[in-house]
Amino acid sequence: ARVVVPLLLALAATLGLVVGAVLPSSAPTAGDASPSASPTDVVPSGDATPATDSESASPPAPEVGDVMGDGGGGSAVNLPQPELEITKLAPGEKPPQFVVISFDGSCSNDIIRHYLDTADQVDARLTFFVSGLCLLPEEQKYLYETPGREPGSSAIGFADDAQEVVQRIANYKEAYEKGHEIGTHFLGHWCEPNDGAVNSWGTAEWQSEFKQDVMFMDDWAGINGIADPTPLPFNHSVMMGARTPCLEGQRDVMYPVFVENGFKYDASNPGVLQWPVKNEYGLWDFPLQTMKVVGFDRSNLSMDYNFLCAQNDCKQEADQATCDVIEQSTYDSLMAATDALYNGNRAPFFFGNHFNTWVCGAYQNALTRFMYDATAQYPDLKFVSNADLVRWLEAQDPQVLDALVAQGAQSY
């Protein structure tokens, strides 16, 4: 036995049969640097040596310019926008006079071109609340599962055809690249007293509306059958806020869904001329403010449609003389509110609009004149988007913001 056993062991070693000598009995443990590991072994966590097997390597992270979805209509990573210069205020220092011009719907190609050109001239940054059905053509309308109504139902219609969608996408691309904000006005725009109106929506309906809004924007090219599209330089995740259809919606139901979807603000409430604050859900409240309608001995919310109701009983047509009165009244009202704020509490001034040509284009004309003249008259006035204002507010010390809010509402 003393002779045979050593001989057998020597023979086994020669043949490579001793367990663990050449062929490992199990996979290497994490941190095992054994040179016998094969090229297909997984690189241990924390090991700087890259895996050589392409199947085991992680896919590269998406970059700006990489498209998303089968249609390739949006960027997987949002292109950084030109940044607004933000200065942190010292205690007691006067802030700039911010004016926030926003548009509900934002569909018309001609009207968005007008405001993009005007903004270029006065260095303005605007907010476009896009109605998602502007990117869905009539022939595809049944893709929209309207909450509380039959599929394909819309109070504001759809795009005429795919080529109209392509042009709208080109406008949104240009707007975004120039620093303007893209937000949402959601989809079907059904308001009270209609069945399935926004005020009747529960959590499931709001979640459905969000999901479909994302789909219609991020996959616009695939939905419309556009081959080799010019993609948007952003995707739906860039949206920081909304204005709801007709300002409706149960706040305690919709706000948790807004937060869940990454929103920072809501622009759907009435308010006064004072500095904004966050609501109980952590969203900034950017309201339509009560302001004077010059020449009509009354006040109304700071939106073109509300002015139309004060000035022309909500009727969209008028003779030229009436149109001229409405245009001048609107221009004077905008300048008066701005002057009161500029020389008062310096609260941001919010004015909402629609892409409209009501009463001979009076509101478009008045707003355009206001943008030129206010820029010239007030040296430290800045036309900014809602998203810009969020970033400015969140860059300030809380004590500074508290002092601004403590001034209360501006009267004039």
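Q: What volume does the largest pocket have?
A: About 450 Å³. Bear in mind that this is a predicted model.

Q: Which residues are closest to the centre of that pocket?
A: Asp104, Ile156, His185, His189 and His354, out of 26 residues that line the largest pocket.

Q: And which elements give two or more residues to the lining?
A: For the largest pocket, those are β3 and α7, the latter covering 304–312.

Q: How do the lining residues divide by class?
A: The lining of the largest pocket has 13 nonpolar, 11 polar and two charged residues.

Q: Now the closed spaces. How many cavities of 30 Å³ or more are there?
A: Two. The largest cavity holds about 80 Å³, and the second largest has a volume of about 30 Å³.

Q: What lines the largest cavity?
A: The lining has 14 residues, and those closest to the cavity's centre are Gln81, Glu181, Ile182, Ala387 and Arg391. Two elements, β5 (181–184) and α10 (386–394), each give two or more residues to this lining. The largest share, three residues, comes from α10. By class, the lining of the largest cavity splits into six nonpolar, four polar and four charged residues.

Q: Which residues line the second largest cavity?
A: Val100, Ser102, Arg243, Ala267, Phe286, Pro287, Phe350, Phe351 and Asn386. At least two residues of that lining come from β3 (97–105), and at least two from β12 (349–354). Six of the lining residues of the second largest cavity are nonpolar, two are polar and one is charged.

Q: Back to Arg391. What does Arg391 form a salt bridge with?
A: With Asp388, the closest N and O atoms being 3.7 Å apart. Asp388 and Arg391 are three residues apart in helix α10, so about one helical turn separates them.

Q: Are those two buried or partly exposed?
A: One of each. Asp388 is buried, at a relative accessible area of 2%, while Arg391 is partly exposed, at 41%.

Q: Which side chain meets Asp388 in a salt bridge at 2.7 Å?
A: That of Arg125. Arg125 sits in the loop between α2 and β4 (127–130) and Asp388 in helix α10, so this salt bridge ties together parts 263 residues apart in sequence. Arg125 is buried too, with a relative accessible area of 10%.

Q: How many salt bridges does the structure hold?
A: It holds 14.

Q: Which residues are linked in a network of them?
A: Arg113, Asp117, Asp120, Glu174 and Lys178. Within that group, Asp120 and Lys178 form a salt bridge with closest N and O atoms 2.8 Å apart. Asp120 is in helix α2 (residues 109–122) and Lys178 in the loop between α3 and β5, so the pair links parts 58 residues apart in sequence. Asp120 is partly exposed at 41% relative accessible area, and Lys178 is partly exposed at 33%.

Q: What about helix α3, where does Ala175 stand?
A: Ala175 lies in α3, which spans residues 162–177. With 0% relative accessibility, Ala175 counts as buried. Its C-alpha is 8.7 Å from that of Leu126, although the two are 49 residues apart in sequence.

Q: Last one. Which side chain of opposite charge is nearest to Asp266?
A: Arg251, but at 4.7 Å away, and the buried Asp266 has no salt bridge. Asp266 belongs to strand β7, residues 265–266.

Q: So which side chain joins Asp266 in a polar contact?
A: Ser268, at 2.7 Å.

Key. Residues are numbered from 1 along each chain as its sequence is written. This is a predicted model: local features need pLDDT of at least 70, side-chain atom pairs count only at pLDDT 80 or more; totals for chains, interfaces and linings use all residues. Side-chain values use heavy atoms; hydrogens and water are left out. On a 1 Å grid over the protein atoms alone, a cavity is a set of points where a 1.4 Å probe fits but cannot get out, and a pocket is an open set with protein on both sides within 12 Å along at least five of seven lines; lining residues have an atom within 4 Å of a point. Grid points are joined across faces, edges and corners, and a volume is the space filled by probe spheres set on the points. Helices (H or I, at least four residues) and strands (E, at least two) are DSSP runs, numbered from the N terminus. Ala, Val, Leu, Ile, Met, Phe, Trp, Tyr, Cys and Pro count as nonpolar, Asp, Glu, Lys and Arg as charged, and the others, Gly among them, as polar. Buried means under 20% relative accessible area, exposed over 50%, partly exposed in between (1.4 Å probe, protein chains only). Lys and Arg count as positive and Asp and Glu as negative; His and the chain ends are not counted. A salt bridge is a side-chain nitrogen of Lys or Arg within 4 Å of a carboxyl oxygen of Asp or Glu. A polar contact is a pair of N or O atoms within 3.5 Å; within protein, one must be able to donate a hydrogen and the other to accept it, and residues adjacent in sequence count only if both atoms are side-chain atoms.
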